[in-house]
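Here are my comments on the model, point by point. Please read them with the structure open.

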Amino acid sequence: MSARDPLAVAVLMFDRAPLFETSVPISVFGGGRPGAGVPRFDVRAVACDPRPLRTSAGVTFRAPHGLEALETASTVVVPSWRIADERPPETVLGALRAAHADGAVVVGLCLGAFVLAAAGLLDGRRAATHWMFAPALAALHPEVRVDASVLFVDDGDILTSAGTAAGIDACLHLVRRRFGARAAGAIARRMVVPPQRSGGQAQYIERPLPEPETGDPLGEVLAHAIRHLDDPGLDVDALAGRAFMSRRSFDRRFRALTGSSPLQWLLAQRVMQAQRLLEGTGLSVDEVARRVGFANGVALRPHFRRLVGVAPQTYRGTFRTGDAFRAGRPAGTGGA
């Protein structure tokens, strides 16, 4: 396995691909201000077709790098593709296979999942794409377990996402997983987007969660939950009772608003708070767990690993001596 720069992000660009989707990873990884909590990423725009390239709207541009930029990048993002049933160039597919085999994390956003599937990287894996194109992905690549219901799927060394804004969610998730909640939060604030939407959230949301001041009881209940995450008695039944709803009605209304279950939302809030405590305090994992409503570290670990990708102690180790990006080290993918 060759040496790969943990801060190098190669973004593949195709002729006649949509501009917005193509620009998403560049906006997330390339628009930060180092020193404000954001790593100094080395973003490499890679031309995958003869230059100059044109977007689907006819805008012409030149990408400064060729496929050789994938050889040392630790993250390779395929943010878009032309059309579902067109096979990508074999040179691109070969470069993706080689980068993945050599240890790079490969990301496919929206139609980019079709490129990863054509390279064989999604065989036997669960993957996301835009709900409109999910049937086509499943038909073209029956070996892929297509999930059209989620924003993104993190499978460790492979990430795939739904379209447009979900690509931002997936990229921020990757920053959070490798460089911590503070770095992802700083980028999200700059982009004026939510700091974290769970990958398991539904692609289509009827309307945002109500704010407490609107008088909607659900908004007040969720604000109360965030203020009292340390209360071990705070569960879905307690939230439903505070909203003066039956558990079934509360669950149904919550899912209608968010596409997610109240239990998964509550777990995600507790894990996010645990991330902040692990980064910013010297509390033991057991104490962190108790402060976010779990009985102990044993109860916290499976939820933390599922949502963050690593165990709490591994996550803590990345940030104990300073920010991961200052040391040039991404978060690990294992640990107890």
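1. Start with Thr 55. This residue is buried, with a relative accessible area of 4%, which is under the 20% limit for that class. Thr 55 sits in the loop between strand S3 (53-54) and strand S4 (60-61). Its contacts, leaving aside residues up to four places away in sequence, are Arg 16, Ala 17, Leu 19 and Phe 61. Bear in mind that the model is predicted.

2. Arg 16, one of the residues that Thr 55 touches, deserves its own check. Arg 16 belongs to the loop between S1 and H1. Its phi is positive, near 70 degrees, and the residue is not a glycine. Most residues other than glycine have a negative phi. Arg 16 is partly exposed, with a relative accessible area of 39%.

3. Thr 164 raises a similar point. Its phi is positive, about 50 degrees, and Thr 164 is not a glycine either. The residue lies in the loop between S10 and helix H5 (165-179). Thr 164 is partly exposed, at a relative accessible area of 35%.

4. Now the overall picture. The protein has 14 helices and 10 strands. Of its 336 residues, 52% are buried. Among contacts with a separation of 6 or more, 64% are between residues 24 or more positions apart.

5. How many residues does the largest nonpolar core have? It has 36. Leu 12, Phe 14, Leu 70, Val 76, Leu 96, Val 115 and Leu 122 have the most contacts inside it. At least two residues of this core come from each of strand S1 (5-13), strand S5 (73-78), helix H2 (90-101) and helix H3 (112-118). H3 gives the most, with six residues. Another core, of 29 residues, lies apart from this one; Val 24, Leu 109, Leu 172 and Ala 184 are among its members. In soluble globular proteins, nonpolar side chains tend to be buried together.

6. Leu 96 is worth selecting in the viewer. Leaving out residues up to four places away in sequence, Leu 96 touches Leu 12, Leu 70, Val 76, Val 78, Val 106, Val 115 and Leu 121. Leu 12, Leu 70, Val 76 and Val 115 also appear in the list of residues with the most contacts inside the largest core.

7. Which strands pair with S5? S1 and S5 run parallel and are joined by four bridges. Asp 5 has Ala 73 in S5 as its bridge partner. S5 also pairs with strand S6 (residues 105-109), again in the parallel sense and over four bridges. Here Thr 75 stands opposite Val 105 in S6. From S5 the chain passes through H2 to S6, a right-handed β-α-β crossover. Six of the six residues of S5 are buried, so this strand is largely enclosed by the rest of the structure.

8. H2, the helix of that crossover, is regular in length. Its 12 residues reach 16 Å from the first C-alpha to the last, close to the 16 Å expected at 1.5 Å a residue. Val 92, Leu 93, Ala 95, Leu 96, Ala 99 and His 100 are buried. They cover an arc of only 165 degrees around the axis, which puts them on the same side of H2. Thr 91 and Ala 101, on the other side of H2, are exposed. An α-helix has 3.6 residues a turn, so residues three or four places apart point the same way.

9. What covers the buried residues of H2? The cover includes S1, S5, S6, H3 and strand S10 (158-161). After the helix comes Gly 103, with a positive phi near 110 degrees.

10. Last, Phe 41. This residue lies in the loop between helix H1 (19-30) and strand S2 (42-47). Is Phe 41 buried or exposed? Phe 41 is buried, with a relative accessible area of 11%. Phe 41 and Leu 7 are 34 residues apart in sequence, and their C-alpha atoms are 4.8 Å apart in space. Not counting residues up to four places away in sequence, Phe 41 touches Leu 7, Val 9, Phe 29, Val 175, Phe 179 and Ile 187.

Terms used: Residues numbered from 1 in each chain as written. Predicted model: local features only at pLDDT ≥ 70, side-chain atom pairs only at ≥ 80, totals over all residues. Heavy atoms only, no water. Core = buried A, V, L, I, M, F, W, Y, C linked by side-chain atoms within 4.5 Å. Buried < 20%, exposed > 50% of the residue type's maximum accessible area, 1.4 Å probe, protein only. Contact = heavy atoms within 4.5 Å. Pairing = 2+ DSSP bridges. Right-handed = clockwise from strand over helix to strand, strands pointing away. Expected span 1.5 Å × (residues − 1). Arc of directions from axis to C-beta.
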